[in-house]
Amino acid sequence: MRHVETIESWVGTINGLVWGPPMLVLILGTGLFLMIGLRLMPLLKLGFGFRMLWAGRHAQGQGNITPFNALMTSLAATIGTGNIAGVATAIAIGGPGALFWMWCTALVGMATKYAEGVLAVKYREVDEKGNYVGGPMYYIKNGLGRRWLWLGTAFAIFGALAGFGIGNMVQANSVSHALSGKFAIPELWSGIAMAVMVGLVLIGGIRWIAQVAGKLVPFMAIAYVVGGLVVLAFNIDQIPQAIYQIVQHAFSPTAAAGGFAGATLMLGIQMGVARGIFSNEAGLGSAPIAHAAAQSNDPIQQGTVAMLGTFIDTIIICTITGLVIMVTGEWMSGETGASLSSAAFSAGLPSIGGYIVTFGLALFAFTTILGWSVYGERCMEYLFGIHAIVPFRLVWVAVIPIGATLELEFIWLVADTLNALMAIPNLVALLLLSPVVFRMTREYFADPINRRVVT
């Protein structure tokens, strides 16, 4: 038992270091730098991005999956427990102001995700099986040269390890606890069931994963958003006060209220940024691995599709979760994680609210496990070659039941720590390659042909 406590203490110390002020400055600073360098293009061209997404339902060039399904695969990985449990945890620990800092992280994160998408397509490769592979390790290798290979290797190592935390065990853990609490289903049973379903999909590789994501992600996102909007409609008079509290507490400590223990200003910022990154993964370097497989020969077009992931994930879905928690007053209940979101939806929709969260969480987490399997697989392939893919998939499936039965708090801590460690190499690469992104973007939108509306 003492060994477990020692490990938890050690990981907690590392987490405090990697998520300290320097990391927050690096994440927000990189996004802000890219947004300014792009002259606010991700915000000004949001409509263009949605047109590219609609056009991307069909192949636009060489690749393995359509541009639309590339975003759906990316969203499958990002729309997960971060949107339900992550938002709730941020508010429960950091106060309402944490949601404001999630918004800030997302807005500048759109520029970060755009740059990742551009570089992913520009510097991708074709492996021995004919699959298009890319991501931070490849744009470091092909964009920065041999002197920086160690940085790409570091990302691949941290990415492979992080996948088992953020993309596997955290997801399985949240689902098993939710199903156990709502339907008294044993956690191990839930874990085994998820492992079987994930294993069946993984047989077909990224094409099957993209097909499943392309069908499930739009359905689950729309269903969850509609449920949240209904709760907000019933409590529409409370929305202005909720927004006022969010903004007010973003710049001042949150006093104890109800079951809420209170939070410092720094804790609110830290929780908002950390959970924001956990949710939308902007700067993490995971999404470009999916976008590199897109059937597109145009890095800029795929970049505009990529940036939509952050907008949809945080600005839309996380905001709805956060506002539901605020308008129902449940943020002061003392609950945290998925149980807080469930309590809020149940308060807003007494008969079905809890089921919306439970089923939403189960679907979100299932697709996240699928999406992150692609990321981990690509990292392992980069490190050890294509022969590492099958062993990786076997271990990936085997870990799901283990994650389903472990303690949630420690898994979240490990996931947060690994997130930061994989983000650092990617953010460094984005800063070093930013002149390439800026130049390509200027040239693209300066061409009258590229400014035409794409239908």
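This passage looks at a helix pair, a pocket and an aromatic pair in a predicted model. Local features need pLDDT of at least 70 and side-chain atom pairs pLDDT 80 or more, while totals for chains, interfaces and linings use all residues. Residues are numbered from 1 along each chain as its sequence is written, and side-chain values use heavy atoms, leaving out hydrogens and water.

Helices here are DSSP runs (H or I, at least four residues), numbered from the N terminus. Helix H6 (residues 81–94) and helix H13 (residues 265–280) have axes that come within 9 Å and cross at roughly 175°, where axes are lines fitted to C-alpha atoms over the stretch in contact and angles run from 0 to 180 degrees between N-to-C directions. H6 and H13 are therefore roughly antiparallel (over 145 degrees). In their contact (heavy atoms within 4.5 Å), residues including Gly86 and Ile93 of H6 meet residues of H13, among them Met271 and Phe278.

Turning to the pockets, the second largest (an open set of points on a 1 Å grid where a 1.4 Å probe fits, with protein on both sides within 12 Å along at least five of seven lines) holds about 230 Å³ of space, taken as the space filled by probe spheres set on the points. Its lining (residues with an atom within 4 Å of a point) includes Leu53, Met72 and Pro218. H11 gives the largest share of this lining, five residues.

Finally, the whole structure has 20 aromatic pairs (ring centres of Phe, Tyr and the six-membered ring of Trp within 6.5 Å). Phe50 and Phe311 form an edge-to-face pair (planes over 60 degrees apart), at 6.3 Å centre to centre and 80° between the planes. This pair links helix H4 (residues 46–55), which holds Phe50, to helix H15, which holds Phe311, 261 residues apart.

Methods:
Helix = DSSP H or I, 4+ residues; strand = E, 2+ residues; numbered from the N terminus. Parallel < 35°, antiparallel > 145°, perpendicular 65-115°, else oblique. Phe/Tyr/Trp six-rings, centres within 6.5 Å; stacked < 30°, edge-to-face > 60°.
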